[in-house]
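Got the viewer open? Let's walk through the model one selection at a time.

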Amino acid sequence: MLKTADGVTEAGHVCFDNVQKSYDGETLVVKNLNLDIARGEFLTMLGPSGSGKTTCLMMLAGFESATFGEIRLDGQRIDNVAPHKRGIGMVFQNYALFPHMTVAENLAFPLRVRKMGQADVEKRVQRALDMVELSEFGSRMPAQLSGGQQQRVAVARALVFEPQLVLMDEPLGALDKNLREQMQYEIKHIHEQLGVTVVYVTHDQTEALTMSNRIAVFNDGKVQQLASPPDLYERPENAFVAAFIGENNKLMGKVEAIDGDTCKVVLDNGDKVTALKVNVDAVGDRTTLSLRPERVVIAPEGSADLDNVFEAEVRELIYLGDHIRTRVKVCGNDEFIVKVPNSSHSPDLARGAKVRIGWITQDCRALDA
Amino acid sequence: MALPSYATRGERIWYYTFRVICGLIFFFLIAPIIIMVPLSFNAQPYFTFSREMLTFNPDGYSLRWYEDLFTSQSWLRSIQNSFIIGIASTLLATTLGTLAALGLSRPHMPYRGLIMGILISPMIVPLIISAAGMFFFFSSVGLAQTFPGVILAHTALGTPFVVITVTATLVGFDHSLTRAASNLGASPTYAFFKITMPLILPGVISGALFAFITSFDEIVIVLFVAGVEQRTIPREMWSGIREQISPTILAVATILVALSIALLTTIELLRRRSERIRGMTAQ
């Protein structure tokens, strides 16, 4: 963290500094959160329910107070500022459109609060409607709009007063799958166009991977890993992140030897695997090996470039069009998934067949147990 | 709800009996009210139908009791008193009741049940006990036989209705709307008047209506607490029946019934309009 002489962060637009939150005075829902969000960044807080991500967003919006620590916006402390004086836009989970006002009145609300002139209000409202492609809908009531349209109004309303920071609390949760994907792109494009900082909360990993510059994975009140989407998926730093993001094969074992950035692991059934040393400290530690199903290959006899090759037995085949999801029993684990691409090169597999599967050391990460 | 073709004989009999019973119940409820209306146009000073009335002879009918009502000094004063007391206590009860309901609906309100119980107790405690208590209390603090005394007493009676109707409206109230307003820059007061108030208005209005009706036809407390100066319509009717049997009472009653119907209709229309605006009902 970059700090100036007076202890104020220079780089971050939003800064959580050692923030803690407890509702009952005993258990911490958020534990020592330190997070710097850059100006113009799209940062997603991703995690299961109860992981503390929504609490963090609410503290930023001002609807919850931090029990300890500081939250700063542009270097100014905001954790002791009333929510209506923070000037942060927010899109709520259920949209929270005012049902007794037309769409245009909803959009005008933040501008009227700010005592803006009538001509300016109309101009800005129209611009915001154009931005979300609802130009003709200004005189409708929110209840007369579809879910997706209401969602867009909510986004427009959060942006119409030109805040520097916009918070989104699972805004797409109520939409069906197609609409959700479409809205993901729209929100992303609006973000790119306007350059505002977005803090987005979701429990949907696809959404997080699609939209974000960086993702903070929350669990148990802590940020487990803060990284860009490719880093998070390809280089998870602990077993929780590996299991939470994408599909993951787990092999449990004990570190036998450490050699630079790789290590030898004895699995619980006695097999030995070479893995990338990521989150283990010493020989003798328990470890979870994490392997993405698409990085495991079915190896014909005698293929030499794989560091780890094992005998496996096919237990189940599920045809998914572009690939065949193959469940095998290997190294004592019969929940091991291999994604076999559907191409003319792929071997024909049958249930019960014995095959050799393998992977390279770089794709097998030794994480905490 | 037509009778299905496979209905047994017993079911057929019950089907018609049920309808007759329902009709009788309606008749029982409404007849005493309906009967007053023609009687109030009676040309003679009795509470029964004259021969002329039953044969629809125009001579049997007259507006003399209405004339009597609007020329009588004591009746006019009681009407005025009823409106003064009714409107003042309604305004007070509505304000206090709405604030109480808002407070009680906060998520972390301590002693919610206890406070709610105390607030609605005037509705549950027998009126005569409240009235007797108020009589002694108001006498000792100098509020007995004054307008503020009667208004305060009626406020206490009307507040529970407002608390109950507004609380019911707040059950369906989406609290993220006030958060959204606050997030968009509205101070708590501004958010209350622009967002919360318009949305809970139907509950507030029906609570206010109940409070008004409660005050308007209340007699027990008036008997105890009010003096000659604060005689209300029910109090005047009460002495009318006891002291000078006159069908003027029927004229008053008819006007009150018409007024109640008009009020209820207005409220219902207002409620539907606001629900339509809120988009709660299908268009």
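Before we click on any strands: two strands pair if DSSP finds at least two bridges between them, and helices (H or I, at least four residues) and strands (E, at least two) are DSSP runs, numbered from the N terminus. This is a predicted model, in which local features need pLDDT of at least 70 and side-chain atom pairs count only at pLDDT 80 or more, while totals for chains, interfaces and linings use all residues. As for labels, residues are numbered from 1 along each chain as its sequence is written, and chains are lettered from A and ligands numbered from 1 in the order in which they are written.

**Stop 1: chain A as a whole**

Select chain A. Its C-alpha trace spans about 75 × 50 × 35 Å along the principal axes, and the chain has eight helices and 20 strands. Of its 369 residues, 41% count as buried. Buried here has a cut-off: 20 or more other C-beta atoms lie within 10 Å of the residue's own, with 12 or fewer for exposed, partly exposed in between, and C-beta atoms placed from the backbone. Now the contacts, where two residues qualify if their C-beta atoms, placed from the backbone, lie within 7 Å. Among contacts in chain A between residues at least 6 apart in sequence, 63% join residues at least 24 apart.

**Stop 2: the barrel**

Stay in chain A and pick out β11, β12, β13, β20 and β14: these five strands close into a barrel in the order β11-β12-β13-β20-β14, with mixed pairing. From one strand to the next, the twist averages 55°. (Axes are lines fitted to C-alpha atoms, for helices over the stretch in contact, and angles run from 0 to 180 degrees between N-to-C directions.)

Zoom in on β14, residues 286-291 of chain A. Is β14(A) enclosed or open? Five of its six residues are buried, so β14(A) is largely enclosed by the rest of the structure.

On one side, β14(A) pairs with β11 (residues 249-259) of chain A in the antiparallel sense over six bridges. Label Lys254(A) and you will find it opposite Arg286(A); Gly253(A), in turn, stands opposite Thr287(A). β14(A) has another antiparallel partner in β20 (residues 365-368) of chain A, over four bridges. There, Ser290(A) stands opposite Arg365(A) in β20(A). While you have side chains displayed, remember that in a regular strand they alternate between the two faces of the sheet.

**Stop 3: α5 and α7 in chain B**

Hop over to chain B and show α5 (residues 112-124) with α7 (residues 147-171): their axes come within 8 Å and cross at roughly 120°. That makes α5(B) oblique to α7(B), since angles under 35 degrees count as roughly parallel, over 145 as roughly antiparallel, 65 to 115 as roughly perpendicular and the rest as oblique. To see what meets what, select Leu119(B), Ile120(B), Pro122(B) and Met123(B) on α5(B), then Ala156(B), Leu157(B), Thr159(B), Pro160(B), Val163(B) and Ile164(B) on α7(B).

Still on α7(B), find Val150(B). It is buried, with 30 other C-beta atoms within 10 Å. Which residues does Val150(B) touch, leaving aside its neighbours within four places in sequence? Ile85(B), Val222(B), Val225(B), Ala226(B) and Gln230(B). One of these, Val225(B), is 75 residues away from Val150(B) in sequence and 6.4 Å away in space, C-alpha to C-alpha.

**Stop 4: the side of chain B that touches chain A**

Show both chains. The contact takes 18 residues from chain B and 20 residues from chain A. On chain B, α8 (176-183), α9 (188-216) and α12 (248-278) each supply at least two residues. α8(B) gives the most to this side, with six residues.

Now isolate α8(B) and α9(B), which pack at an angle of about 140° with their axes 10 Å apart. That makes this pair oblique too. Leu177(B), Thr178(B), Ala181(B) and Ser182(B) in α8(B) meet Ala191(B), Lys194(B), Ile195(B) and Thr196(B) in α9(B).

**Last stop: Ile267(B)**

Finish in α12 of chain B, at Ile267(B). With 16 C-beta neighbours inside 10 Å, Ile267(B) counts as partly exposed. Apart from neighbours within four places in sequence, Ile267(B) is in contact with Ile205(B), Ser206(B) and Leu209(B). Draw a distance to Leu209(B): the two are 58 residues apart in sequence and 8.1 Å apart in space, C-alpha to C-alpha.
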